[in-house]
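Visitor: Please give me a close look at how the strands are paired, and at what surrounds them. I would like the cut-off behind each term as you use it.

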Amino acid sequence: MNALRLQKLLAQAGVASRRAAERLIVEGRVRVNGRAVTQLGARVDPLRDRVEVDGQPVRLQPRRPRYFILHKPRGVLTTLRDPGHRPTIRDLIRHIPERVYPVGRLDYHSEGLVLLTNDGELAFALTHPSRRVARVYRVLVRGRPSPEALDALRRGIPLEGRRTLPARVRRLHSGRNTWLEITLREGRRQQIRRMCLAIGHPVKRLRRVSYGGVGLGDLPAGAVRALRIEEIARLREAAGLGGEASRGRSGSRQALERR
């Protein structure tokens with residue numbers, strides 16, 4: 001086997017998505033043959049080199065790919081570890097025997113759908129800016145945005161010198177506050193909160209209900225279930241990898257619930 005870039009090997013082994021693997025390397029948490037490697041261009045031979053992350057050996061794809069949906073509650077971090085000892089999604093997925101990791105992030109105060117997998121190729125494609133994979137959110141904002149304000153969201157909002165991509169925005173219900181459905185095709189940091197703040201209507205509640213055409217449905221907060229084969233195919237198609245899912249990739253069709 002030819003040498004691989006270290007971050008690609010970590011992704012193929014199901015340790016983390018390629019972007020998350022790059023962070024592990026930069027943070028000095030990856031060792032090759034006993035030495036810490038912090039350069040992203042480093043290449044390794046999976047048959048000869050000994051690779052470790054946080055002291056644990058890495059083996060190239062010893063497990064089958066697995067795919068899950070988690071309904072993340074508010075007040076939980078979309079990460080597997082936190083130096084501040086705040087609640088993380090690891091607390092909700094301890095019953096899953098395989099090591100899986102989140103695809104992208106959903107901020108601490110938000111809730112809803114988080115994809116989990118050990119398929120590094122799919123995770124990388126879903127989060128790559130060039131793929132423009134759709135994410136759908138239900139958002140409660142303060143007050144009643146005018147049609148002009150909603151049109152501004154649709155056209156794009158300048159954030160840090162770069163305008164957001166055009167968004168799909170639909171008003172669901174208005175009273176003292178307003179529920180909106182917002183579809184984005186990019187994933188910038190706290191993007192919806194910042195966009196709504198820019199038009200003068202701060203977010204009071206935010207829930208992601210769909211990612212890449214796969215919906216949250218009625219999955220309770222704190223629960224997780226395995227994806228169905230057709231859902232995996234939908235994600236692969238949305239990520240530009242083709243719609244066919246390998247046999248056995250869905251894991252169990254039975255929902256795994258933990259409240």
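Guide: Two strands are taken to pair if DSSP finds at least two bridges between them, and the elements themselves are DSSP runs numbered from the N terminus, with helices being H or I of at least four residues and strands E of at least two. This is a predicted model, in which local features need pLDDT of at least 70 and side-chain atom pairs count only at pLDDT 80 or more, while totals for chains, interfaces and linings use all residues. Residues are numbered from 1 along each chain as its sequence is written, and side-chain values use heavy atoms, with hydrogens and water left out.

I begin with a sheet of four strands, which is open, has the order β3-β2-β5-β6 and is paired in the antiparallel sense. The edges are taken by β3, at 35–36, and β6, at 56–57; each has a single partner strand, so one side of each has no neighbour in the sheet. At one of these edges, β2, which covers residues 30–32, is joined to β3 by two bridges and runs antiparallel to it, and Arg31 has Ala36 in β3 as its bridge partner.

The edge strand β6 contains Pro57. With a relative accessibility of 43%, Pro57 is classed as partly exposed, where buried means under 20% relative accessible area, exposed means over 50% and partly exposed lies in between (1.4 Å probe, protein chains only). Setting aside residues up to four places away in sequence, Pro57 touches Val51 and Glu52, a contact being heavy atoms within 4.5 Å. Arg31 of the β2 strand can be related to Pro57 as well: the two stand 26 residues apart along the chain, and their C-alpha atoms are separated by 9.3 Å.

From there I turn to β9, which spans residues 111–117 and has seven of its seven residues buried, so the strand is largely enclosed by the rest of the structure. Several strands are joined to β9, among them β7, at residues 67–72, which pairs with β9 in the antiparallel sense over six bridges, with Leu70 standing opposite Val114. Strand β8, at residues 101–102, also runs antiparallel to β9 and is joined to it by two bridges; here Pro102 has Leu116 as its bridge partner in β9. The pairing of β9 with β15, at residues 203–211, likewise rests on two bridges but runs parallel, and in this pair Glu111 is partnered by Arg207 of β15.

The loop between β8 and β9 holds Ser110, which counts as buried at 0% relative accessibility. The Ser110 side chain makes a polar contact (a pair of N or O atoms within 3.5 Å; within protein, one must be able to donate a hydrogen and the other to accept it, and residues adjacent in sequence count only if both atoms are side-chain atoms) with the side chain of Asp107, at 2.9 Å. A further polar contact links the side chain of Ser110 to that of Arg193, at 3.0 Å. Apart from neighbours within four places in sequence, Ser110 is in contact with Lys72, Pro73, Arg74, Arg193 and Leu206.

Arg193 leads on to helix α5, since Arg193 is one of its buried residues, together with Gln191, Ile192, Arg194, Met195 and Cys196. Six of the eight residues of α5 are buried, so this helix is largely enclosed by the rest of the structure. The buried residues of α5 pack against the strands β10 (135–141), β11 (158–159), β14 and β15, and also against the helix α4 (147–155). Within α5, which covers residues 191–198, lies Arg194, buried with a relative accessible area of 17%. Not counting neighbours within four places in sequence, Arg194 is in contact with Leu159, Glu160 and Arg189. Just after α5, Gly200 takes a positive phi of about 85 degrees.

Among the strands that α5 packs against, β14 deserves a last word. Strand β14, at residues 178–184, pairs in the antiparallel sense with β13, at residues 168–174, over six bridges, and these two strands form a hairpin with three residues between them. Within this pairing, His173 has Trp179 in β14 as its bridge partner.
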